[in-house]
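Let's walk through this assembly together, moving from single residues out to the places where chains meet. Keep the viewer open and follow along.

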Amino acid sequence: MQEVKNRALALLKDGTVKRVLGWRIGENTYDPEPAFFESEEDMQTFVYNNFCAANLSKYMIEASKLEGKTLVCLKPCDSYSFNQLLSEHRVDREKTYIIGVGCKGKLSIENVKRAGVKGILSVNDTDPLQVETLYGNTEVSYKAAMLDRCHVCKGKEHVVYDELIGESEDTSTADRFAQVQMIEAMSPAEKFAFFQKELSKCIRCNACRNVCPACSCRKCVFDSDKFDSAQKANVDSFEEKMFHIIRAFHVAGRCTDCGECSRVCPQGIPLHLFNRKFIKDINTLYGEYQAGADAEARGPLTSFTADDAEPSVVAEGGTK
Amino acid sequence: MNAKEQVQQISGVNPYKCMKCGKCSATCPAYEEMDIKPHQFVSYVQSGNIEALAACKSMWKCLSCFACVERCPRDVQPGRILDAARQIVVRQRGGNYLTAEEIPPLVDEDLPQQLLVSAYRRYKR
Amino acid sequence: MKKIAISNLPKLYAAIAKAQSLILPVKTAGKTNFSLWTEACDVDLQTLKTVKSAKDAFFPQSETLYHCHRDGKNITITPEDLQSESFVVFGIKGCDVRGIAVLDKVFLAEPVDSFYAARRCHGTIVSLACGAPEESCFCKVFGIDCAEPEGDVVTWLTEDYLYWKPVTEKGEKLTALVADLLEDSDDAAVTAQKEAIGKIVEKLPYAALSLEGWNGEALNEKFNSPLWETLYKPCLACGTCTFVCPTCQCYDIKDYNTGNGVQRYRCWDSCMYSDFTMMAHGNNRTSQLQRFRQRFMHKLVYFPANNDGMYSCVGCGRCVDKCPSHLNIVKVIKAFGKEGK
Amino acid sequence: MQRIGVFVCHCGSNIAATVDVKKVAEMARLEPGVVFADDYQYMCSEAGQAKIGAAIKEYNLTGLVVCSCSPRMHEATFRKCAERYGLNPYMVEIANIREHCSWIHKDMEEATQKAVILARAAIAKVNLNAPLQAGESRVTKRALVIGGGIAGIQTALDIADAGYEVDIVEKTPSIGGRMSQLDKTFPTLDCSACILTPKMVDAAGHEKIKIYTYSEVEKVSGFVGDFTVDIRKKARSVDEAKCTGCGVCQEKCPSKKTPSEFNRGLNNRSAIYTPFAQAIPNVPVIDREACIKFKTGKCGVCEKVCQAGAINYAQEDEIITEKYGAIVVATGFDTIKLDKYDEYAYSQSKDVITSLELERIMNAAGPTKGHLERLSDGKAPKEIVFVQCVGSRCSDERGKPYCSKICCMYTAKHAMLIRDKYPDVNVTVFYIDVRTPGKNFDEFYRRAVEEYGVNYIKGQVGKVAPQPDGSLLVQGSDLIDNKQIKIKADMVVLATAIEPNQGVRNIATMLTASIDTNNFLTEAHPKLRPVESPTAGVFLSGVCQGPKDIPETVSQAGAAAVKVIGLLAKDKLTTNPCTAQADELLCNGCSNCAKVCPYGAITYETRQVNDHGIREDRRIAVVNKALCQGCGACTVTCPSGAMDLQGFSNRQLIAEVDAICR
Amino acid sequence: MSVNQEFRPKIVAFCCNWCSYAGADLAGSSRLSYPADVKIIRVPCSCRVNPMFILRAFEKGADGVILCGCHPGDCHYSTGNYYARRRMTLLFSMLDFMGVENGRTRVEWVSAAEGVKFSTVMNDFVEKIRSLGENVRLGDLRCKK
């Protein structure tokens, strides 16, 4: 979107910001990479298209340590992550200039491939997507190519910004908790089989952890010897469970459900299910809570009420 | 299983919870009719004297009003003990239960209503 | 040249598996990876690239080296047995076969890695030609012919048949084992497929990638380039690229506390991780820039410099597909290419 | 690597009878780090401790594991022992093989096996122990007593006499408590007011005692030696400094329809009132719920008649914040509600009363001026039935499972007093057991039977049925004669069970003092520390801890005072060194730990750290060691594990888990 | 599921120092027996128990893990057990979600005065774990060798 680029360039030129955090055009339309721009010349490769899915808020942790202001482009859902980081003192609002960029659902080249398209040579980001391939040309509908997370969109509002550019749209088409409910309805054996199968694919590349704005520990427990818990590869299937349960637990009440974990998993493990299960439980048991909606709010795991549900009651399916 | 355990099992009562306060006997409307008194039901079970209990007249005088059960401060429930003894006696008699059709002609106008109600209550299982 | 009807493939798998264990692409929960064949598994030869490469078959992501068992004050040490039984890896693509050749350079050179060597000795490679190369493929750049891969047996998959050509002694042995199921065939279908593949390979977007200047002599100039500063920035420091790579061979050795002793095992490590080669005094690469640079310098400069020009990249394109930030080796090669001009 | 010594205690036969102590020592010797293991008859004895000392010297031990009774019993003993022999006291861990093993298991092999594992876990922990240094905190030399009954008054007097400041907080408008409602006291039959009033006066006049009546504790923070308490002084609407206590306002007050709390609702009081004539302070309060001025704005009679100009309708609640070194809970009791006991017809008939109500009726200052009469018609009763154990010793939810302890004696007292004053009245007492342990107690009871002719019947009352003629038909059992008896009574007195005061649960929560299922406060040890709560700096006095009569209450009050004096006599307390600590290299500075800290012990500072050569300014959590009590809430909130608890570190607890699961 | 009498489960009980550990002591001094399968780890407060400890226990071969703390409202540290309650509720719910039986984990509030309850709870929990049998879904096989 040219307007974002122009505005960012103007702010960079007039010295309001020292650098711009956005996306750099890749080899093709579909592979833009997160990037910092510091000069007008550099800004020539700036791009903001519908494939710019990456949540840039986590990069602001490092950027907050740099001198001068950083302009960051945040989509509505990214702004929740930024707010959450703000509440945890991980980013510096004073050093951030936020352009809330419009978003009408982001695309995933994986989903284009999932639709059966092979050998993609070029693709555009309009509806429907026009795809040129080694094996002929084809079309894929925008909705089908949209990231799974966009089907349960958090809405078009930015929760924190300095200025807004571009229109946003609530793209939700599905119930956010439908998948969770589907699994909850399974028998223990089915549940176990489902997760065993999914998690058996895990290669412990840590992409989910490293992309996660809530997993922003300087040193992860799974990398440190604090709990005698350092792990590098799954040797036993227990370790996959341990890693994913604890990771989800550590972000419980802090996860904004940005969906980056599932987006980046090379093995396509639906990691968001863990987070969403916690969110669903939190909503049911302790009242609706959206992490990052309010930077001043107290999270559900750092607060309580005297009459919270007992674990034994919850185990029986109750809520009080 | 001996008779004492049988009574305990049927009634679900632990006779050793009794503190011998006598409130059951104080509260019983059929007390005067009874040869063995409600508080004694408990001590008979404690001492294992089920034979005497099963032979007592009280068994057929108890109205099953359950006042003793309601008011027992220790949850010993003498009424249930007697009830259990009655069950044992009935079981010994074998299949002499009445069928539903046989009951109406046998109903005596003078029988207290409470007795009928208590019979239903008792045999509802 | 032999062939077998597609419909008979399950019989082929079963016949091989009866004699030795069979590893081949299996689809689990939507993703295809090399895995042990079982009657119930979902064999998937259609997916061009398994998520992880086939290197697991010879260099597993984690493997036990030995056990220490403590009983009172006594400690017994039991080394893990080496591979002693034959096995077959079926359906490896040309790039992954070359990947194994790269690993050989590391693990079979002195001192020989006995665990790896035992597996190589007992493993038979049945490779499979790529019917439909994809946009991220650039194996041609490294001189690999995906239409006629290397291996003990080479196979081609057409609509109706799997064509089967034993190449080595091991391959002949395997062919003899399943001779009953194979029928003789001419080369016509295979020749036609090779030609078609060749044409597609020419059209691949990265077909013309140039590796000019990527050699030991360019070491200092490349190492000190300011380009790395920009290139590394989006890197999340995850290990996706290294774990899907057919040639990455770094591993860590760790101890697992079993309660009554220790199980020493090795597992893949990633040079992208901040604790890679962590030592008592700290880390010899302290920034992500250094770690990022290391990976590409190793693949394109250090490794060829030490191995007669053999690159430690086979152009499989998995990192191109899988990087969460859309970084990859092609972008790096191209960035330096532009600079050169 | 530690050099650990393991010491297995026989505890006479307490442990050795079910656990093969030799085997435990033998197995312990095989564990990593253990260089010495032995067993002994009584490890806590002088000789046992000397054995430990000798082993420390001989084997150059760096850590100890004592396999013995609960650490709650002797951890401190063995820590002191270690210190005496030059070892850091926190290098000691206890494996509880008595309470958690030998006492609950019968099979020797099974118990031994478990003891071995418990020892193993303790050894695994000690392997990771590090020497800890206890810090110091100051002691505020002032005590707070919650409750102004006899227990509170006595505690306060004893503390004050030792020279320390004491504040009493009393919820009602006057101190005095339950005892002020009693007529006579057993077994001497002294007049209750005659012995209580002087104590009340002493307390009020004592220069070290400050009394906050009509006040409640609102908030408690801090810890032993340094509590901060908010006291809500409710608006009295009467200026305490100006009021002369003349009583004219109460006389003239037109609103006189409020049931008197002091007289248990048997008669009414005015809206402006003092609970009783000897009230201290003798300053009335205005009950704003009942006062016409407050309800309608019109009236103001009291203001007009008050010569001293003490009435102040505009007065507001006041919050007083004060620091204390120790807190004594003396919140007392009430009788239980009888609404679930229909059979006694308490709510149907005015002539069925509780014993406490009878106290008021018998009292010369009570609603009947001390005449024994029926509240329904004012007639003198001729036949009185007392029922014991009403709601006491009851296993269902209608009553209380415990014995209320005082009822046997006060019933004997009532029966005796009635027979003495009204010889024509028949008195019958239905009892289950008569319990009279105490000096001169049984003699007192026997006098009631033998000299005063009180008719004691072993049995219970099943039903009290009010009759049309106004009498009460009491149906009870006589278990000795094995008969059911019916008595036509004029009055029935119920020995109602007592329970801790309603507000005690709230107070216990504020003090983090534990409470049992019956709402009695738990003592630190039922035998050895009966007046201390498990929460350091909180002490118990009177019935809030369990049913007691007056002499027992007074002695416990004195004991609590001694404990308080012992604490206040110290200038400094050593603090628990098992506190949280943040690893600056792992801390994210996210503030989540501070959110769960109940003591506000965590703050943040920005400082430069050197993270493996990378120097940068980071926001880091800092724990105030004096405030931290070591609960560990922060450690779990911290995802990176930067926050850890000394003495119960992540690695230590994991080592224990591993050792048990091995 | 049939009850295997031979099966002796490994059970880890985390008990807070102020209430439940004292409750266990009281059970001991009252000679209220419960199976020796239960091994107690003393923690200052239920809020000290990290979900990692619980998973660790299962990893290393535990068949059941129980966490005991002061009754809500009675925490020695005022609020610790409230946090523990939320944490454990969520953790157990997640274990259930993943099909690893939530009957293997439990939270019970046991006061210092509830020796009887402590013993009853432990008897009951051991019975439950015996009926569930050995934990196979949450352990690390390497620890079983």
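S221(D) sits in strand β11 of chain D, which covers residues 215–223. Keep in mind as you look that this is a predicted model. Is S221(D) buried or exposed, or something in between? It has 15 C-beta neighbours inside 10 Å, so it counts as partly exposed. Now jump along the chain to L567(D): 346 residues separate it from S221(D) in sequence, yet in space the two C-alpha atoms are 18 Å apart.

While we're in chain D, have a look at the backbone. Most residues other than glycine have a negative phi, and most peptide bonds are trans. With that in mind, C299(D) catches the eye: its phi is near 135 degrees, a positive value in a residue that isn't glycine. You'll find C299(D) in the loop between α9 (292–296) and α10 (301–305) of chain D. Because it has 18 C-beta neighbours inside 10 Å, C299(D) counts as partly exposed. A345(D) is another non-glycine residue with a positive phi, here about 55 degrees. Its loop runs between β19 (333–335) and β20 (352–354) of chain D. A345(D) has 19 other C-beta atoms within 10 Å, and a residue needs 20 or more to be buried, so A345(D) is partly exposed.

Then there are the cis peptide bonds. One joins F186(D) to P187(D), with omega about -5 degrees, and P187(D) belongs to the loop between β8 (184–185) and β9 (190–191) of chain D. Over in chain C, E110(C) and P111(C) are also joined by a cis peptide bond, with omega about -5 degrees. P111(C) is in the loop between α2 (94–107) and α3 (114–122) of chain C.

Next, the interior. In soluble globular proteins, nonpolar side chains tend to be buried together. Here the largest nonpolar core has 274 residues, and the members that touch the most others are V6(D), V24(D), L64(D), V65(D), C67(D), A119(D) and V12(E). Which helix gives this core its largest share? That's α5 of chain D (residues 108–126), with 11 residues. For a closer view, pick V65(D). Setting aside neighbours within four places in sequence, V65(D) contacts I4(D), V6(D), E93(D), A95(D), A119(D), A122(D), I123(D) and V126(D). There's also a second, separate core of 118 residues, and F276(D), A415(D), M416(D) and A561(D) are among its members.

On to the chain contacts. Seven pairs of chains touch, and the pair with the most contacts is D and E. Chain D brings 45 residues to this contact and chain E brings 46. On the chain D side, the helices that each supply at least two residues are α3 (71–84), α4 (98–102), α5, α14 (504–511), α17 (633–637) and α18 (650–661). Of these, α18(D) gives the most, with eight residues. Sorted by class, the chain D side has 22 nonpolar, 14 polar and nine charged residues.

Chain E meets chain A as well, with 33 residues of chain A in contact with 34 of chain E. The helices α6 (178–184), α7 (188–199), α9, α11 and α12 (311–315) of chain A each put at least two residues into the chain A side. The largest share there comes from α9(A), with seven residues. By class, the chain A side has 23 nonpolar, two polar and eight charged residues.

Two of those chain A helices also pack on each other. Two packed helices are described by the angle between their axes and the distance between the axes. For α9 (residues 237–251) and α11 (residues 272–286) of chain A, the angle is about 45 degrees and the axes are 9 Å apart. The two helices are therefore oblique to each other, and their crossing is right-handed. Where they meet, H244(A), A248(A) and V251(A) of α9(A) face F274(A), N275(A) and F278(A) of α11(A). That contact has four nonpolar, two polar and no charged residues.

Finally, some chains stay apart. Chains A and B don't touch, and their nearest C-alpha atoms are 27 Å apart. Chains B and C have no contact either, with their closest C-alpha atoms 47 Å apart.

Key:
Residues are numbered from 1 along each chain as its sequence is written. Chains are lettered from A and ligands numbered from 1 in the order in which they are written. This is a predicted model: local features need pLDDT of at least 70, side-chain atom pairs count only at pLDDT 80 or more; totals for chains, interfaces and linings use all residues. Axes are lines fitted to C-alpha atoms, for helices over the stretch in contact, and angles run from 0 to 180 degrees between N-to-C directions. Helices (H or I, at least four residues) and strands (E, at least two) are DSSP runs, numbered from the N terminus. Angles under 35 degrees count as roughly parallel, over 145 as roughly antiparallel, 65 to 115 as roughly perpendicular and the rest as oblique. A crossing is left-handed if the near helix is turned anticlockwise from the far one by less than a right angle, and right-handed if clockwise. Two residues are in contact if their C-beta atoms, placed from the backbone, lie within 7 Å. Ala, Val, Leu, Ile, Met, Phe, Trp, Tyr, Cys and Pro count as nonpolar, Asp, Glu, Lys and Arg as charged, and the others, Gly among them, as polar. A nonpolar core is a set of buried Ala, Val, Leu, Ile, Met, Phe, Trp, Tyr and Cys residues joined through C-beta atoms within 7 Å. A residue is buried if 20 or more other C-beta atoms lie within 10 Å of its own, exposed if 12 or fewer, and partly exposed in between; C-beta atoms are placed from the backbone.
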